[in-house]
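Me: I've got a structure to look at and plenty of "how do you know" questions. Can we go through it together?

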Amino acid sequence: MALLQILHYPDPRLHTVAQPVTTVDDTLRRLIADMAETMYAAPGIGLAATQVNHHVRLIVVDVSETKDNLLVFINPEVIWSDGLETMEEGCLSVPGIYDKVQRAERIRVRALNAQGQPFEMDADGLLAVCIQHEIDHLNGKVFVEYLSRLKQDRIRQKLKKQQRENM
Ligand code: K1U
Ligand code: ZN
C-alpha cells in the first residue's frame with residue numbers, strides 16, 4: 001500500500017468532474033487500499049479519488065470511532081434525500097478551515113462495492129454529510145464553494161500564503 005498526495009485548494013485539478021468507473025478490477029482495488037491508507041493517516045473520515053488526482057467516481061468513508069468500518073462507494077449516486085441540517089465541515093484539501101454547510105439530513109445512496117456488486121445504503125448524521133461532501137468532490141466541488149465569496153477569497157489567500165511558506 002502507499003500514501004497518496006492530497007491536492008490542496010485552490011489547485012484547479014480539484015474542479016475536475018470524475019468519470020464513472022467501468023471496470024472493478026485489482027488496479028481499482030489497489031487505488032481503494034491506497035486511498036484508505038491515505039485517509040486513515042491524514043487523519044480523515046472520508047476521501048474522494050479526485051483529492052488524490054485520480055478522476056474516477058470512487059470514494060472511501062469511515063466515520064466509526066474505532067476506524068474499523070471502511071465503506072467503499074464506486075459510482076455513488078444519491079437516489080433519495082429528506083430534510084436539511086447544518087453541520088461544521090472540514091476538508092483534507094482545505095487544511096485548517098472549518099465552516100458550517102447545509103445539506104440533506106437523510107440520504108439513500110446507490111453504488112457498487114469493491115467487488116463490483118450493486119448495493120443501497122441509508123445514511124444520516126455525520127455519515128450522510130460525509131458521503132455528500134465526497135460526492136461533491138467527484139463533481140469538482142469543494143465545500144468552501146458553499147461559503148460567501150468574501151470567505152472563499154480569504155481562504156484562498158490564506159492557503160496560498162501557507163503554501164508559499166512551506167516551499
Ligand atoms: O473529503 C475530505 O477532505 C475528508 C473530510 C470529510 C468530512 C469531514 C467533516 C464533514 C464532512 C466531510 C475530513 O475527513 S476532514 C477531517 C475530519 O473531519 C476529521 C479528522 C479526524 C477525526 C475526525 C474528523
Ligand atoms: Zn473534502
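Me: Which element supplies the largest share of the lining of the largest pocket?

Reply: That's H2, with five residues. Keep in mind that this is a predicted model. Strand S3 (71-89) is also in the picture: S3 and H2 each supply at least two residues of that lining.

Me: What makes up the rest of the picture, and how much space lies in the largest pocket?

Reply: About 330 Å³. The lining counts 19 residues, and the closest to the pocket's centre are Ile45, Glu89, Gly90, Cys91 and Leu92. By type, the lining divides into ten nonpolar, six polar and three charged residues.

Me: Cys91 turns up there. What makes Cys91 a donor of the zinc ion (ligand 2)?

Reply: Check the distance. An S atom counts as a donor within 2.8 Å of this metal. The protein donors are Cys91 (SG), His133 (NE2) and His137 (NE2), and they lie 2.1 to 2.3 Å from the zinc ion, so they pass the cut-off. Along the chain, the donors follow the spacing C-x41-H-x3-H.

Me: Why are His133 and His137 separated by about one helical turn?

Reply: Because they sit four residues apart in helix H2.

Me: Are those two histidines buried or exposed, and how do you know?

Reply: Buried means under 20% relative accessible area. His133 has 7%, so His133 counts as buried. His137 has 0%, so the verdict for His137 is buried too.

Me: Why is Ile131 called buried?

Reply: Its relative accessibility is 0%, which is under the 20% cut-off, so Ile131 counts as buried. Ile131 lies in helix H2 (residues 125-138).

Me: Which residues is Ile131 in contact with, leaving aside its neighbours within four places in sequence?

Reply: Ile59, Val61, Phe73, Ile107, Val109 and Ala123. To count, heavy atoms have to be within 4.5 Å. For Leu71, we have a C-alpha separation from Ile131 of 10.0 Å, with the two residues 60 apart along the chain.

Me: Now over to helix H3 (residues 149-165), where Gln152 has its place. What makes Gln152 count as buried?

Reply: Same kind of check: Gln152 has 7% relative accessibility, and the limit is 20%, so Gln152 counts as buried.

Me: And what does Gln152 touch, not counting residues up to four places away in sequence?

Reply: Tyr9, Val144, Glu145 and Leu147.

Terms used
Residues are numbered from 1 along each chain as its sequence is written. Chains are lettered from A and ligands numbered from 1 in the order in which they are written. This is a predicted model: local features need pLDDT of at least 70, side-chain atom pairs count only at pLDDT 80 or more; totals for chains, interfaces and linings use all residues. Side-chain values use heavy atoms; hydrogens and water are left out. Buried means under 20% relative accessible area, exposed over 50%, partly exposed in between (1.4 Å probe, protein chains only). Donors are N, O and S atoms within 2.8 Å of the metal (3.2 Å for Na, K and Ca); water is not among the atoms, so sites may look incomplete. On a 1 Å grid over the protein atoms alone, a cavity is a set of points where a 1.4 Å probe fits but cannot get out, and a pocket is an open set with protein on both sides within 12 Å along at least five of seven lines; lining residues have an atom within 4 Å of a point. Grid points are joined across faces, edges and corners, and a volume is the space filled by probe spheres set on the points. Ala, Val, Leu, Ile, Met, Phe, Trp, Tyr, Cys and Pro count as nonpolar, Asp, Glu, Lys and Arg as charged, and the others, Gly among them, as polar.
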